[in-house]
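Here are my notes after going through the model, set out point by point. Keep the structure open while you read.

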Amino acid sequence: MKRIIILGSTGSIGRKTIEVIRHLGTYKVVGLAAYANYRRLAAQAVEFRPKIVTMISQKAYDEFKRTNGRARLLAGEEGIAEMVDALDADTIICAMASSIGTRGVIRAIEKRMQVCLATKEILVNFGDLIMRKAKQRHVRIIPIDSEHSAVYQCLENRHRKDLQSIILTASGGPFLNRSLKNVKKADVLNHPVWKMGRKITVDSATMMNKGLEVIEAHHLFGLPARMIKIVVHPEAICHSLVQFTDGTLLAQLSTPDMRLPIQYALTAPVRIVSPVPQLDITKVKRLTFAPPDYKKFACLELAYRALDTGKTMPAVLNTANEEAVHLFLNDQIGFGAIPRIIEKVMTRHKPVDGDLECYLEATRWAREQTRSLTC
Ligand code: MG
């Protein structure tokens, strides 16, 4: 049995990961971490009997402690790193909805665990540091994000010199064919294809999710911005493509279900039968591909700009976005204000390079700036 730690086990990707682990039957869960859902974490702890569990929210930690006595319990962001330090594991899956698990992922790389990453924010904020460390320790970062998993699969056993570009597909979100005027929160939260957490659903509507994925791809595959393209593909059947210098395109197609990229991250390069219904290509009536509307979805251009600038700018972009989305979900700003606020914060930022603390400082600064702009 391989030993695994799951960060973010109660969220949307975390729950799907648990389903995959049950299906594979070859993993022993030794550590679990969740933000605040202590009831679900407690149920998972009863099922898998991990050695350590971590609750990030103090309130949830107190509740968990009061009602569940068995596993060793840690608290807070530091608890994640402490848990990774204390456990012997082969693999870690990070599926937290923010970069809160970063120190845990860094410790996992230092301990040479295989890292399966769903949390793109970690690479957007700290990609240079993470990838440098992974290279030093000969650790592969395997993507779970469906587009990056598709690219990873298309690039297996290929020569980098033959690569022309990678093409990330985007569903286009709920506003692909609708105006961005008078947008209501309910419209934003109603994604046409994927049922996901609220934060990523808003990112999908602004298309910032795709912008963040461009930066994520830059780090994962070591490619410059000009080699990373986006196409709008509303059917969400083709999960991304790669184009080679001779013009050949390879694509990965499957039923849109996150259990597939999660399972592949755990079994690659081996393929195991999955409970996900197989795609019947004869039932797919139409596959369409179109260029994105960069004018309408201003977040895309902001993300490319942040990637071009580099240093702490992508971390500032991502943090300003996190904060703006939070304000939008709390009805404090309108939908159209999200890119405007991010752009303002980016304009005020003087990018620097440095260690983790320097990048964390940039995120703190961006959070304060975003809040002060909306007071
Ligand atoms: Mg994705």
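1. Starting with the pocket that caught my eye: the lining of the second largest pocket is made up of twelve nonpolar, four polar and five charged residues. Bear in mind throughout that this is a predicted model.

2. How many residues line the second largest pocket? There are 21, and those nearest its centre are Arg 140, Ile 141, Tyr 152, Arg 160 and Leu 220. Four elements each give two or more residues to that lining: helix H6 (120-136), strand S7 (141-143), helix H7 (146-155) and helix H10 (208-221). As for volume, the second largest pocket holds about 600 Å³ of space.

3. Next, the metal. The magnesium ion is coordinated through OD of Asp 145 and through OE of both Glu 147 and Glu 213, at 2.1 to 2.2 Å. Written along the chain, the spacing of these donors is D-x1-E-x65-E. Asp 145 sits in the loop between S7 and H7, while Glu 213 belongs to helix H10, so the pair links parts of the chain that are distant, 68 residues apart.

4. Are Asp 145 and Glu 213 buried or exposed? Asp 145 is buried, because its relative accessible area is 9%, under the 20% cut-off. Glu 213 is buried too, with a relative accessible area of 1%.

5. On to the parallel sheet. Seven strands make an open sheet, running in the order S4-S3-S2-S1-S5-S6-S7, with parallel pairing. Which strands stand at its edges? They are S4 (72-75) and S7; each has a single partner strand, so one side of each lacks a neighbour in the sheet. On average, neighbouring strands here are turned by 20° against each other, direction ignored.

6. A detail from inside that sheet: strand S5 (residues 91-94) and strand S6 (residues 114-117) run parallel and are joined by four bridges. If you want a pair to look at, Cys 94 has Leu 117 in S6 as its bridge partner.

7. There is also a four-stranded open sheet, with strand order S9-S8-S10-S11 and mixed pairing. Its edges are taken by strand S9 (228-232) and strand S11 (249-253); each pairs with a single strand, so one side of each is left without a neighbour in the sheet. Here the average turn between neighbouring strands is 25°, direction ignored.

8. Strand S8 is a good place to see the mixed pairing. With strand S10 (residues 238-244), strand S8 (residues 163-170) pairs in the antiparallel sense over four bridges. Ser 165 stands opposite Gln 243 in S10, and Leu 163 has Phe 244 as its bridge partner in S10. With S9, by contrast, S8 runs parallel, and five bridges join the two. One pair to check there is Leu 168, whose bridge partner in S9 is Ile 230.

9. Last, how many of the eight residues of S8 are buried? Seven of them are, so S8 counts as mostly covered.

Definitions and conventions. Residues are numbered from 1 along each chain as its sequence is written. This is a predicted model: local features need pLDDT of at least 70, side-chain atom pairs count only at pLDDT 80 or more; totals for chains, interfaces and linings use all residues. Side-chain values use heavy atoms; hydrogens and water are left out. On a 1 Å grid over the protein atoms alone, a cavity is a set of points where a 1.4 Å probe fits but cannot get out, and a pocket is an open set with protein on both sides within 12 Å along at least five of seven lines; lining residues have an atom within 4 Å of a point. Grid points are joined across faces, edges and corners, and a volume is the space filled by probe spheres set on the points. Ala, Val, Leu, Ile, Met, Phe, Trp, Tyr, Cys and Pro count as nonpolar, Asp, Glu, Lys and Arg as charged, and the others, Gly among them, as polar. Donors are N, O and S atoms within 2.8 Å of the metal (3.2 Å for Na, K and Ca); water is not among the atoms, so sites may look incomplete. Buried means under 20% relative accessible area, exposed over 50%, partly exposed in between (1.4 Å probe, protein chains only). Two strands pair if DSSP finds at least two bridges between them. Axes are lines fitted to C-alpha atoms, for helices over the stretch in contact, and angles run from 0 to 180 degrees between N-to-C directions.
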